[in-house]
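Morning, everyone. I'd like to walk you through one structure today, so let me put it up on the screen.

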Amino acid sequence: MRLVRPTVVVVMGVAGAGKTTVGRALADSLGWRFMDADDFHAPESVVRMRAGLPLDDAMRAPWLAELRAVIARTLEGGESAVLACSALRHSYRDALVPPAAPADAVRFVHLRASPATLAARLGARAGHFAPPALLESQLATLEEPGPGEHALALDGERPVAELVEAIRRSLDIVES
């Protein structure tokens with residue numbers, strides 16, 4: 001059975017959790033558009049993070065508003081997409097869901113990994129503006145999704161293909 005209603009799957013977690021890798025693989029497997037929330041950061045936010053300084057809520061607000069608008073346009077256009085986005089706090093996740101979005105049109109998948117795995121991944125990552133120094137602040141900021149958020153939590157240390165299959169099964173996006 002295939003999910004036919006427009007849906008945006010937000011693959012979330014701290015830096016190094018595998019959001020982009022898993023998100024791209026999921027989007028490719030579904031034939032959906034992939035978006036990375038990092039591409040929507042204001043230049044001054046990128047400079048700040050590159051310096052190892054975390055963003056505060058006031059700095060995140062316009063970014064979250066832009067992402068919500070992108071999600072709204074995607075759903076209103078009858079499309080589905082995958083968005084890789086940290087979405088670390090409950091309030092950030094709430095901010096991403098457009099008020100007019102149908103229930104469950106925006107789904108969250110939380111990738112978890114051990115601090116050692118996260119640090120190793122960030123240390124090996126090249127070309128990204130977020131340095132390993134930001135990991136500690138991200139872990140401190142993270143509010144794991146609660147039961148009321150209906151987020152799928154997965155072990156981000158599992159192979160990408162297994163994660164994609166688990167997401168597709170959970171969201172009822174599987175080939176029949």
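Let's begin with one residue: in which helix is Thr74 found? Thr74 sits in α3. One thing before I go on: what you're looking at is a predicted model.

So, is Thr74 buried or exposed? Buried, because its relative accessibility is 1% and the cut-off for buried is under 20%. Leaving aside residues up to four places away in sequence, Thr74 touches Val8, Arg33, Met35, Glu79, Ser80 and Ala81.

Thr74 has company on the inside of that helix. The buried residues of α3 also include Trp63, Leu64, Leu67 and Val70, plus a charged one, Arg60. What do these buried residues pack against? Strands β1, β2, β3 and β4, along with helix α4.

Now the helix itself. α3 has 20 residues, so at 1.5 Å a residue it should span 28 Å, and its end C-alpha atoms are 27 Å apart, which agrees. At the N-terminal end there's a cap from Asp56: one of its side-chain oxygens lies 3.1 Å from the backbone nitrogen of Ala58. Just past the other end, Gly78 takes a positive phi of about 75°.

On to the sheet. In what order do the strands run? It's an open sheet of 5 strands, β2-β3-β1-β4-β5, with parallel pairing. β2 and β5 are at the edges with a single partner strand each, so each has one side without a neighbour in the sheet. From one strand to the next, the twist averages 20°. If you look at β1 and β4, they pair in the parallel sense over 5 bridges, and Val10 stands opposite Phe108 in β4. Helix α1, residues 19-30, packs on this sheet too, touching β1, β2, β3 and β4, and its direction makes about 165° with that of β2.

Last topic: charges. As a reminder, side chains of opposite charge can pair when their charged atoms come close. How many salt bridges does a search of the whole structure find? It finds 5, and I'll show you some of them.

Take Arg93 and Glu149, whose closest N and O atoms are 2.6 Å apart in a salt bridge. Arg93 is in helix α4 and Glu149 is in the loop between α6 and β5, so the pair ties together parts that are 56 residues apart in sequence. Are these two buried or exposed? Arg93 is buried, at a relative accessible area of 1%, and Glu149 is buried as well, at 18%.

Next up, Glu144 and Arg112 form a salt bridge with their closest N and O atoms 2.7 Å apart. Here the link runs from the loop between α6 and β5, where Glu144 is, to Arg112 in strand β4, 32 residues apart. Glu144 counts as partly exposed at 40% relative accessibility, and Arg112 is partly exposed at 38%.

And one that brings us back to our helix: the side chains of Arg89 and Asp57 meet in a salt bridge, 3.1 Å from N to O. Asp57 belongs to α3, while Arg89 is in the loop between β3 and α4, and the two are 32 residues apart. Arg89 is partly exposed, with a relative accessible area of 25%, and Asp57 is partly exposed too, at 39%.

That's my tour, thanks for listening.

Conventions: Residues numbered from 1 in each chain as written. Predicted model: local features only at pLDDT ≥ 70, side-chain atom pairs only at ≥ 80, totals over all residues. Heavy atoms only, no water. Salt bridge = Lys/Arg side-chain N within 4 Å of Asp/Glu carboxyl O. Helix = DSSP H or I, 4+ residues; strand = E, 2+ residues; numbered from the N terminus. Buried < 20%, exposed > 50% of the residue type's maximum accessible area, 1.4 Å probe, protein only. Contact = heavy atoms within 4.5 Å. Expected span 1.5 Å × (residues − 1). Polar contact = N/O pair within 3.5 Å; in protein donor to acceptor, adjacent residues only side chain to side chain. Pairing = 2+ DSSP bridges. Axes fitted to C-alpha atoms, helices over the stretch in contact; angles between N-to-C directions.
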